[in-house]
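Reader: I'd love a close look at one part of this model, please. Could you walk me through its nonpolar surface patch and then carry on from there?

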Amino acid sequence: MALSGVDNLSRLPELKKKLFWTFLLLAVYRIGIHIPVPGVDSSALADFFESVSNTLFGLFDMFSGGGLRNLSIFALGIMPYISASIIVQLLGVVSPTIKRLQEEGAQGRKKITQYTRYGTVLITLVQGFGIAVGLESMTSPTGAPVVLHAGWAFRGITILTLTAGTVFLMWLGEQMTEKGIGNGISMIIFAGIVAGLPSAIFNTVRLMQAGEITLFLLLFVMVFMIAILAFIVYMERGQRRIPIHYAKRMMGRKMMGGQTTHLPLRINTAGVIPPIFASSILMFPATLASFSNNEILSKFSAYFAPSSVVYNIVYIALIIFFCYFYTAIMFDPKGISENIQKQGGFIPGIRPGTRTREYIDRVLTRITLWGSLYVAAICVLPMILIAQFNVPFYFGGTALLIVVGVAMDFMGKIESYMISRQYEGLMGKGSKIKGR
């Protein structure tokens, strides 16, 4: 009998233990979000964030699960770790040392993880200093200073607190990956976004009660979001499968090969990285304008408001660029074609070697175009709703991509775990029958 449903958890104590660790560590993360950094006026900081919700602060606050708005010990979230990971991956393109470590297997990955941790601490120290200095110059719309007692004492405490919080959060994610289900870093980002959904729903109801959103518009938005979610699930599962045949060959006294498999190429190989990078770049002018009273800078940043045509055109172009750029980093057609040739495989109608590499690269280029257009559409269409109909920021396309992608990965890991244990049980029964 196939394992399915919640009742099967009682039959799989290991899965129950993994789920327990996942939710326990996520609970620790959510508790830490509410522990503030000392020396900050929380009410003045909240008023400030209300005035800059459409800048880079709003985007970072979403990924930190509201920690930046509260200036908690987890205010920087897991973004420094992600930035360090991306930098290390980029260095693998230009640095022979990093590239060699990437090819050394488990030992090389361990060394790369160590470099990533060092990079995370360095980035956190720099960002912590920037936040500490920036907070000292911030005031709420009413003129109240955000920092109660400015100076090097406040800066030192803020830098140490934020660095310790990010390092602990990085360790928390690694423990979640090891002892729980799914990727710990992704689960932390997922939990941060989902934690903001209740307040976003409350704000939507409040806007409807105030008459700013009609019931018909709210129903339309709900139907639209369900359709977007279904479309994201369909596209994230989309693959182009390239058939690969393996010729028969003798190895000792056994005939090996003679089978057919496929090389799956995902439509969206880059994931959610392109919209994150594109949003960060385009929101930079608005963030600078929030710190300055310069009239020229304010007019320039107005062109990059989410409702402007210029913003959306440049945003789409940047998403397409980063989709190709990140796919080129993550996917190596030359290495794959060499591995296929070493194992005696070939693509029907394509000669092994250079021709195979060119074919894979050509197919990947074509499907990446459709994948980039899909990501751009998902990110731009909800943004138009936000600008035109005051839909809450949490309903943006970037957040939907992350939530759906992580949820699908989490459920897939649980399903794979249950199926693997089912096969182990069947093999155990078979071995007992055979031994009788």
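Which helix gives the most to the nonpolar patch?

Author: Happily! This is a predicted model, where local features need pLDDT of at least 70, side-chain atom pairs count only at pLDDT 80 or more, and totals for chains, interfaces and linings use all residues. Residues are numbered from 1 along each chain as its sequence is written, and side-chain values use heavy atoms, without hydrogens and water.

Helix 1 gives the most, with three residues. The patch is made by F20, L24, V28, F168 and W171 and covers about 450 Å² (over 30% relative accessible area, no salt bridge, nonpolar side chains joined within 5 Å; 1.4 Å probe; a salt bridge is Lys or Arg nitrogen within 4 Å of an Asp or Glu carboxyl oxygen). Two or more residues come from each of helix 1 (13–33) and helix 8 (152–179) (DSSP runs of H or I, at least four residues). W171 belongs to helix 8, and its relative accessible area of 42% makes this tryptophan partly exposed (buried is under 20%, exposed over 50%).

For a contrast, try S72, in the loop between helix 4 (67–70) and helix 5. S72 is buried because its relative accessibility is 0%. Its side chain reaches the backbone oxygen of I33 at 3.2 Å, and beyond neighbours within four places in sequence, S72 is in contact with G32, I33, H34, I35, P36, V37, G67 and L162 (heavy atoms within 4.5 Å). Following that loop, helix 5 covers residues 79–94, with M79, P80, Y81, I82, A84, S85, I86, V88 and G92 as its buried residues.

Methods. Patches are made of residues with over 30% relative accessible area and no salt bridge: like charges are joined within 9 Å, nonpolar side chains (Val, Leu, Ile, Met, Phe, Trp, Tyr) within 5 Å. A salt bridge is a side-chain nitrogen of Lys or Arg within 4 Å of a carboxyl oxygen of Asp or Glu. Buried means under 20% relative accessible area, exposed over 50%, partly exposed in between (1.4 Å probe, protein chains only). The expected span of a helix is 1.5 Å times one less than its number of residues. A polar contact is a pair of N or O atoms within 3.5 Å; within protein, one must be able to donate a hydrogen and the other to accept it, and residues adjacent in sequence count only if both atoms are side-chain atoms.
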